[in-house]
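Please open the model in your viewer and keep the sequence panel beside it, since this tour moves from one selection to the next.

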Amino acid sequence: MRIDVVSIFPSYFDGLTLSLLGKARDSGILDLDVHDLRDWTSDRHRTVDDTPYGGGAGMVMKPEPWGLALDQLADSQSGSLSSSKGGPTIIFPSPAGEVFTQATARELATREHLIFGCGRYEGIDERVFEYAADLGEVRLISLGDYVLNGGEVAVMAMVEAIGRLIPGVVGNPESLVEESHEDGLLEYPSYTKPSVWRDREVPPILLSGNHGAIAGWRHEQQLERTRVRRPDLLSD
Ligand code: ADE
């Protein structure tokens, strides 16, 4: 999979190259590139924003650098018909978008080419989204119902959630199946040695060696935790 990220703060993403995703990148499973939007400006000040038409607070990101960035990055994989409508899937993180879930991560992990465009200030000139729709599939995606200062932190979370679902990135694929949200439930509790720690015992069933009973207990724990902590997941 190829992932391009465009941001005015590319160094935010240095952390993504650590650990798991760094290894996936080194082994060629994941081709991750982070680009500075200002590289597509042509004025002396490398300007990426301007005042909003119609007035109002804050600044809006100018369309020209975004247009040039998308032209170059969408083209860099010409011939890859990865999204449903052909061309890359172009994702703009936005608190006004669809909410990102494990199902979104699973869907996006099947794509060949993702482009993430990180907005800042009051957002990006609306015409950029219309233009991007001619190049590929456009998705506006929110990390949750709260407002961040820009898309960078949201994109880091999305890239990590998507990246670890690409076959070969997580060493033991079983660990992907037994996680919170994979089966619509929260994960069961885990314990390790010692069996007694500060007078607290590991649930005896886990020491029984009875694999069927352990699986049943874990499933009960998943249901109970989900009922208490996230009843909304059970009502869908
Ligand atoms: N940019 C600002 N807030 C955001 C959010 N909640 N999700 C995605 N991008 C954002």
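Before the first selection, a word on pairing: two strands pair if DSSP finds at least two bridges between them. With that in mind, and remembering that this is a predicted model, select Glu 98, whose bridge partner in strand S7 is Ile 141. Then extend the selection to residues 89–99, which form strand S5, and to S7, and you will have two strands that run parallel and are joined by seven bridges.

Next, show the whole sheet to which these strands belong. It is an open sheet of five strands, paired in parallel and arranged in the order S2-S1-S6-S5-S7. Colour S2 (31–36) and S7 (137–142) to mark the edges, where each strand has a single partner, so one side of each is left without a neighbour in the sheet. If you look along the sheet, the twist from one strand to the next averages 30 degrees.

Now add the helices that pack on this sheet. Select residues 63–75 for helix H2, which touches strand S1 (2–7), S2, S5 and strand S6 (113–117), and whose direction makes about 165 degrees with that of S6. Then select residues 152–163 for helix H5, which lies across S1, S5, S6 and S7 and runs at about 160 degrees to S6.

Keep H5 on display and add helix H1, residues 19–26, whose buried residues are Leu 21, Gly 22 and Ala 24. Viewed down the axis of H1, these buried residues fall within an arc of 160 degrees, so they line one face of the helix. It is against H5 that the buried residues of H1 pack, while the face turned away from the buried side carries the exposed residues Ser 19, Lys 23 and Asp 26. Following the chain just past H1, you come to Gly 28, which takes a positive phi of about 90 degrees.

Turn next to the ligand and select the residues around it, among them Pro 93, Pro 95, Ile 141, Ser 142, Tyr 146 and Ala 154. Ile 141, which lies around the ligand, is the residue you met at the start as the bridge partner of Glu 98. Which backbone atoms lie 3.2 Å from a nitrogen atom of the ligand? One is a backbone N or O atom of Ser 94, and another is a backbone N or O atom of Gly 144. Add Leu 148 as well, where a polar backbone atom is 2.9 Å from a nitrogen atom of the ligand.

Return to strand S7 and select Glu 137, which lies in that strand. Is Glu 137 buried or exposed? With a relative accessible area of 11%, Glu 137 is buried, because buried means under 20% relative accessible area. Show its side chain together with that of Arg 111, and you will find a polar contact of 3.0 Å joining the two; the side chain of Glu 137 also makes a polar contact, at 3.2 Å, with the side chain of Arg 139.

For the last stop, select residues 231–235, helix H8, in which Ser 235 is found. Ser 235 has 59% relative accessibility and therefore counts as exposed. Its side chain reaches the backbone oxygen of Asp 232 at 3.0 Å. Finally, add Tyr 53 to the view: the C-alpha atoms of Ser 235 and Tyr 53 are separated by 44 Å, and the two residues are 182 residues apart along the chain.

Methods. Residues are numbered from 1 along each chain as its sequence is written. This is a predicted model: local features need pLDDT of at least 70, side-chain atom pairs count only at pLDDT 80 or more; totals for chains, interfaces and linings use all residues. Side-chain values use heavy atoms; hydrogens and water are left out. Buried means under 20% relative accessible area, exposed over 50%, partly exposed in between (1.4 Å probe, protein chains only). Helices (H or I, at least four residues) and strands (E, at least two) are DSSP runs, numbered from the N terminus. The arc is that of the directions from the helix axis to the C-beta atoms. Contact means heavy atoms within 4.5 Å. Axes are lines fitted to C-alpha atoms, for helices over the stretch in contact, and angles run from 0 to 180 degrees between N-to-C directions. A residue is near a molecule or strand if one of its heavy atoms lies within 4 Å of it. A polar contact is a pair of N or O atoms within 3.5 Å; within protein, one must be able to donate a hydrogen and the other to accept it, and residues adjacent in sequence count only if both atoms are side-chain atoms.
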